[in-house]
Amino acid sequence: MLWSLLKILFFVVLVAALAYGAGLLMETGSGLRVSVADMEFVLGPVQAVILALLTLVGVWLLLRVAGFLVALVRFLNGDETAISRYFSRSRERRGFQALADGMLALASGEARLAMSNAAKAERFLRRPDLTNLLSAQAAEMLGDKGRARDIYKKLLGDDRTRFVGVRGLMKQKLAEGDSETALKLAEKAFALKPRHAETQTALLQLQASAEDWKGARKTLNAKLRHGNIPRDLHRRRDAILALCEARDLMVDGDEPRARDLAMESNKLSPDLVPAAVMAARAYNVQGRDKQAVRVLRRAWEAQPHPDLAAAFAELVPEETPQERIQRFVALTEVRPDDPETRMLSAELAIAAEDFPAARKALGDLAERAPTARALALMAAIERGLGADDEVVRGYLAKAIGAPQGPQWVCESCGTVHSAWTPVCGHCSGFDTLAWKPAAAGPVGLGGASDMLPLLVGGGFQKSAE
Ligand SMILES: [Zn+2]
């Protein structure tokens, strides 16, 4: 405190003296008179400035020499390391200066300058843990991947820098698309620093892509424990991972465990359509149809989806179309005005050959929001009502050019998927699929089962025959 006050005072006095000197020079005009040992010199303004600079350099040199002399005196008094300490202090100063210059060069995008400063800093400091990092980043910026990799490998040797080395190598492997090696490195990085949010995200992503659902769930829980994910997002992603594990178990033939996991997934995230479908099937197998209806209703409330309707139809495979209409009220009453509900009701009425009811259910959907499916339903209704072929063909022609309606669209890259998957098939994003209209929907007609899932896809086949 006192020291900095003194420095400020000294600075103020210095500025005042310089200003006074400059004023004097201006006034006299003839220059500065200096007398040394009976001799008098007259200095012009330029010479006066040069003299001032020389004095400054002289003072600086004097201070350095004084510092060295102090070290020498200490050495002579028995302090053996005084001189080497004096020199290493100055080496250290130059080393850190080079390091600072290198970091500034890196920040301003001058990779080569950063690299040469890193080498200089290494010479003075002999602190590879600091300078290697700078060199690695400079090499990355230069695009010299081989050199960056060599430096990362060097960083692996030191406990303090091992994580940085592993992370650097992992990022390189990710950029190269070598996800197998990247996964191993991510696991290592996670073991070194389980709290590191970026590592958790990378590991989770890689585990999901590698279909290691159990491992991914552990990573996800670590994310929650360390506060790196909101609780509701954690529940949804945990539900997705449980669902994927359940699907794998089902394929492997461990059906009881698969069913338990499907129900767990549905409890974690009742809105998740594929989980609700699988849970409903599981309850159905156990003879708990009330529960099955409950989970499908709840999911329909959040997001009416044809897969939910198909699962609802599966609950009672042998029933007449009339019985089916009666039973489906439990589902269609939940969101009566949703386009999905209207199309579902129309399909059910068409299956029962009640075309006026189908038309009433569909309402003005084919005009208001014409999708391929709504227009195909209109064509079927018109045919059932005995309209001219021309009218029917008109609706079918419109259906071919119409938007597809909601689909499973990746919110990160926009790719449309025919069925829900946990990982996007195009950009490998985890939990990026949403049920919504595709941005600039690819025009074209899917298979007939895409358009009228309940009529053609199986749900009605037994009873319609
Ligand atoms: Zn994607």
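Is D252 buried or exposed? With a relative accessibility of 62%, D252 counts as exposed, because that value is over the 50% cut-off. Keep in mind while browsing these close-ups that the model is predicted.

**View 1. A negative patch on the surface, built by E211, D248, D252 and D254.** The residue from the opening question, D252, belongs to this group of four. D252 sits in helix α11, which covers residues 231–252. Its side of the story is simple: D252 is exposed at 62% relative accessibility.

**View 2. A positive patch on the surface, built by R91, R94, K120, R123 and R126.** Two helices feed this one: α3 (82–107) and α4 (111–125) each bring at least two residues to the positive patch. R91 is a handy residue to zoom in on, and it is found in helix α3. R91 counts as partly exposed, since its relative accessibility is 36%, which falls between the 20% and 50% cut-offs.

**View 3. A nonpolar patch on the surface, made by I8, F11, V12 and V15.** The patch comes to about 390 Å². One of its members, F11, lies in helix α1, residues 2–28. How does F11 count, buried or exposed? F11 is exposed, because its relative accessible area is 53% and the cut-off is over 50%.

**View 4. The largest nonpolar core, with 53 residues.** Pick out L296, L308 and F328 here, as they have the most contacts inside the core. Which helix gives the most to this core? That would be helix α13 (residues 273–285), with nine residues. Another core lies apart from this one; it has 31 residues, including A114, M115, L134 and V166. As a general backdrop, nonpolar side chains tend to be buried together in soluble globular proteins.

**View 5. A salt bridge within helix α12, between E255 and R259.** The closest N and O atoms of the pair are 3.6 Å apart. Both residues lie in helix α12 (residues 255–268), and their spacing is four residues, about one turn of the helix. The two ends of the bridge fall into separate exposure classes: E255 is partly exposed, with a relative accessible area of 37%, whereas R259 counts as buried at 15% relative accessibility. R259 gets that label because 15% is under the 20% cut-off.

**View 6. Two further salt bridges, E319 with R327 and R368 with D364.** The side chains of E319 and R327 meet at 2.9 Å, N to O. E319 counts as buried, because its relative accessibility is 9%. For R368 and D364, the N to O distance is 3.2 Å. D364 is partly exposed, with 39% relative accessible area. Elsewhere, K214, R217, D238, E245 and E264 are joined into one network by salt bridges that share partners. How many salt bridges does the structure hold? The count is 24.

**View 7. A meeting of A372 and Q404 in space.** These two residues are 32 apart in sequence, yet their C-alpha atoms are 5.5 Å apart. A372 has its place in helix α20, residues 372–384. A372 is buried, because its relative accessible area is 1%, under the 20% cut-off.

How values were computed
Residues numbered from 1 in each chain as written. Predicted model: local features only at pLDDT ≥ 70, side-chain atom pairs only at ≥ 80, totals over all residues. Heavy atoms only, no water. Patch = residues over 30% accessible without salt bridge, like charges linked within 9 Å, V, L, I, M, F, W, Y side chains within 5 Å. Areas by Shrake-Rupley, 256 points an atom, 1.4 Å probe, with all protein chains shown as cover. Lys, Arg positive; Asp, Glu negative; His and termini not counted. Charge placed at Lys NZ, Arg CZ, Asp CG, Glu CD. Buried < 20%, exposed > 50% of the residue type's maximum accessible area, 1.4 Å probe, protein only. Core = buried A, V, L, I, M, F, W, Y, C linked by side-chain atoms within 4.5 Å.
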